[in-house]
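Hi everyone, thanks for making the time. I'd like to walk you through one chain today, and please keep the viewer open while I talk.

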Amino acid sequence: MKCPKCDNDMRLAFCNRALGLSYTDPTQFEHFVFKDIDLSGAGMRKLIPWIGEWHMAHICEDCGVYTIEYKKAFSRKEVETIIADMQKEHATAQHWSLTSSPKCNTSDKPIRGMNS
């Protein structure tokens, strides 16, 4: 995935759903008291994180952009399958497509955050 700000390749990451994913609409600042909007639907998981679920995300370390695909949550098993599939692809193609920007020589580097 390309960064929408600098157009460099972004690195795959996962955002924990239990933490919530909230924002505040600018119109809410017109009021003294307001509630944020939680896109992830974490609800009580914020208080008692009993189910491990993650949203797929991408990070641009060059400019600090962090994108999150919040409509689908993955279980730990699904995340591990996604990572294993990407590691197989990496081993076969000898490149890591999500971190293959010109600044990043990935041919001999292990994938950061993954056991290689």
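I'll go from the overall layout to the strands, then the core, the charged pairs and a few single residues.

A word first on what you are looking at: this is a predicted model. The chain has 116 residues, and 29% of them are buried. Its secondary structure amounts to five strands and one helix. Reading from the N terminus, the order is β-β-β-β-β-α. For those of you who like contact maps, take the contacts with a separation of 6 or more: 53% of them come from residues 24 or more positions apart.

Let's start with strand β4, which spans residues 53-60. How many of the eight residues in β4 are buried? Seven of them are, so I'd call this strand mostly covered because a residue under 20% relative accessible area counts as buried. β4 also has pairing partners to show you. With strand β1, residues 11-16, it pairs in the antiparallel sense through six bridges. One spot to click on there is R11, which stands opposite I59 of β4. With β5, β4 again runs antiparallel, and here seven bridges join the two. If you want a bridge pair to look at, H58 has T67 in β5 as its partner. β4 and β5 form a hairpin with four residues between them, and in that turn G64 has a positive phi of about 85 degrees.

Just after the turn comes V65, in strand β5, which covers residues 65-75. Is V65 buried or exposed? Its relative accessibility is 18%, so V65 counts as buried. What does V65 touch, once we leave aside its neighbours within four places in sequence? The list is C3, P4, K5, M10, H58, I59 and C60. Pick out M10 from that list: V65 and M10 are 55 residues apart in sequence, yet their C-alpha atoms are 8.7 Å apart in space.

Now the core. Which residues make up the largest nonpolar core? There are six: L12, W54, M56, F74, V79 and I82. β4 and the helix α1, residues 76-93, each supply at least two of these residues. F74 is a good one to center your view on. Beyond its neighbours within four places in sequence, F74 is in contact with G52, E53, W54, M56, V79 and I82. The ring of F74 also has a charge over it: the charged end of K72 sits there, 4.8 Å from the ring centre. If you were hoping for aromatic pairs, a search of the whole structure finds zero.

On to the charged pairs. The structure holds four salt bridges, and I'll show you some of them. In one, the side chains of E61 and R11 meet at 2.7 Å, N to O. Why is this pair worth a look? E61 lies in the loop between β4 and β5 while R11 is in strand β1, so the pair ties together parts that are 50 residues apart in sequence. E61 has a relative accessible area of 46%, so this residue is partly exposed.

Another salt bridge joins the side chains of E53 and R17, at 2.6 Å, N to O. This pair also links distant parts of the chain, with E53 in strand β4 and R17 in the loop between β1 and β2, 36 residues apart. Are E53 and R17 buried or exposed? E53 has a relative accessible area of 16%, so E53 is buried. R17 comes in at 15% relative accessibility, so R17 counts as buried too.

Then there is the salt bridge between the side chains of D9 and K2, at 3.1 Å, N to O. Here D9 counts as buried because its relative accessibility is 17%. K2, at 47% relative accessibility, counts as partly exposed.

One last residue for the backbone fans: D7. Its phi is near 70 degrees, a positive value in a residue other than glycine. D7 is found in the segment before β1, and at 52% relative accessibility D7 counts as exposed.

That's my tour, so let's open it up for discussion.

Methods: Residues are numbered from 1 along each chain as its sequence is written. This is a predicted model: local features need pLDDT of at least 70, side-chain atom pairs count only at pLDDT 80 or more; totals for chains, interfaces and linings use all residues. Side-chain values use heavy atoms; hydrogens and water are left out. Buried means under 20% relative accessible area, exposed over 50%, partly exposed in between (1.4 Å probe, protein chains only). Contact means heavy atoms within 4.5 Å. Two strands pair if DSSP finds at least two bridges between them. Rings of Phe, Tyr and Trp (its six-membered ring) pair if their centres lie within 6.5 Å; planes under 30 degrees apart count as stacked, over 60 as edge-to-face and the rest as tilted. A charge sits over a ring if NZ of Lys or CZ of Arg is within 6 Å of the ring centre and within 35 degrees of the ring normal. A nonpolar core is a set of buried Ala, Val, Leu, Ile, Met, Phe, Trp, Tyr and Cys residues joined through side-chain atoms within 4.5 Å.
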